[in-house]
Amino acid sequence: MTSTRSKKLCLAQQPDADEMLSRDAFALLVGMLLDQQIPMERAFAGPVAIAQRMDGPFDPSTVAGYDPDGFVEVVAGPPAVHRFPTAMAARIQTLAKHLDEEYGGNASAVWSDVKSGDDLLARLSALPGFGAQKAKIFVALLGKQLKVRPRGWREASEPYGEDGAYKSVADVIDVASLVKVRQFKQEQKVEKRVVARPMRQTRNS
């Protein structure tokens, strides 16, 4: 297991899942990878479910070398870890291969020796399945909750590094903060629909 060496996280809202996320950097990265198109807490509960179903340890090397069809079955359950189990199984294995090849299977090495926020953001952005937004959110999560704070980490994670904000998983520390983050995301969706509506009307006119 690759340790996060930090406090107890509360991202999955489940004791066994959060305990694993708190001590295992690979689990935390996989949870972040899964965090799309499903509720956040379900995504971060995924790693412990996968670990419980696998033959062998849950680490980058073992996951990377797992039979692809067998790994799809692991992710598919039931219950399924994600609404798109086949696609996500492939993404998890691709991430695991990258960590195994580039970091010797030590997931925490992605951030353990970074010198700046820009360096950290670049490393995370290079991870398979991590787009620009996901990478910035993870920089904020590391800084706010795991005390991984290289020079310029807040700037690199903008707008998610803002202190006192409730914009992403980086700000979830309990049930109340989860509700605030979910409310923010709903407000963002409404704003996008409002902006998109006049644009459609302009095209039709």
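Is the crossing of α2 and α8 left-handed or right-handed? In this predicted model, the crossing of these two helices is right-handed. Below is a quick tour of how some helices pack, where salt bridges turn up, and who sits beside two buried residues, Arg-123 and Val-30.

**How helices pack**

- A quick bit of background: to describe two packed helices, you give the angle between their axes and the distance between those axes.
- Helix α2 covers residues 25–34 and helix α8 covers residues 132–145; their axes come within 11 Å and cross at roughly 140°.
- That angle makes α2 oblique to α8, because angles over 145 degrees are what count as roughly antiparallel.
- On the α2 side, the contact is made by Leu-28, Leu-29, Met-32 and Leu-33, while α8 brings Lys-134, Ile-137, Phe-138 and Leu-141.
- Sort the residues of this α2–α8 contact by type and you get 7 nonpolar, no polar and 1 charged.
- Now try another pair: α1 and helix α3 (residues 40–53) have axes 8 Å apart and pack at an angle of about 95°.
- That makes α1 roughly perpendicular to α3, because angles from 65 to 115 degrees fall in that class.
- From α1, the residues in the contact are Asp-16, Ala-17, Met-20 and Leu-21, and from α3 they are Phe-44, Ala-45, Pro-47, Val-48, Ala-51 and Gln-52.
- By type, the α1–α3 contact has 8 nonpolar residues, 1 polar and 1 charged.

**Salt bridges**

- How many salt bridges does a search of the whole structure find? The count is 6.
- One of them joins the side chains of Arg-23 and Glu-19, with 2.8 Å from N to O.
- Arg-23 and Glu-19 both belong to helix α1 (residues 15–23), and they are separated by about one helical turn because they are 4 residues apart.
- Arg-23 is partly exposed, with a relative accessible area of 33%, and Glu-19 is also partly exposed, at 36% relative accessibility.
- Another salt bridge brings together the side chains of Lys-144 and Asp-171, at 2.5 Å from N to O.
- This pair links distant parts of the chain: Lys-144 is in helix α8 and Asp-171 is in the loop between α9 (153–156) and α10 (175–204), 27 residues apart.
- Are Lys-144 and Asp-171 buried or exposed? Both are buried.
- Glu-162 and Lys-167 also meet through their side chains in a salt bridge, with 3.0 Å from N to O.
- Glu-162 counts as partly exposed, at 44% relative accessibility.
- There is a network too: salt bridges link Asp-113, Asp-119 and Arg-123.

**Arg-123 and its neighbours**

- Look for Arg-123 in helix α7, which covers residues 117–125.
- Arg-123 has 19% relative accessibility, so it counts as buried, the cut-off being under 20%.
- Leaving aside residues up to four places away in sequence, Arg-123 touches Tyr-103, Ala-109, Val-110, Trp-111, Asp-113 and Val-114.
- Asp-113 therefore appears twice in this story, because Arg-123 touches it and the salt-bridge network includes it.

**Val-30 and its neighbours**

- Val-30 sits in helix α2, and at 0% relative accessibility Val-30 counts as buried.
- Which residues does Val-30 touch, not counting those up to four places away in sequence? They are Pro-47, Phe-58, Ile-92 and Leu-95.
- Val-30 and Phe-44 are 14 residues apart along the chain, and their C-alpha atoms are separated by 7.8 Å.

Conventions:
Residues are numbered from 1 along each chain as its sequence is written. This is a predicted model: local features need pLDDT of at least 70, side-chain atom pairs count only at pLDDT 80 or more; totals for chains, interfaces and linings use all residues. Side-chain values use heavy atoms; hydrogens and water are left out. Axes are lines fitted to C-alpha atoms, for helices over the stretch in contact, and angles run from 0 to 180 degrees between N-to-C directions. Angles under 35 degrees count as roughly parallel, over 145 as roughly antiparallel, 65 to 115 as roughly perpendicular and the rest as oblique. A crossing is left-handed if the near helix is turned anticlockwise from the far one by less than a right angle, and right-handed if clockwise. Contact means heavy atoms within 4.5 Å. Ala, Val, Leu, Ile, Met, Phe, Trp, Tyr, Cys and Pro count as nonpolar, Asp, Glu, Lys and Arg as charged, and the others, Gly among them, as polar. A salt bridge is a side-chain nitrogen of Lys or Arg within 4 Å of a carboxyl oxygen of Asp or Glu. Buried means under 20% relative accessible area, exposed over 50%, partly exposed in between (1.4 Å probe, protein chains only).
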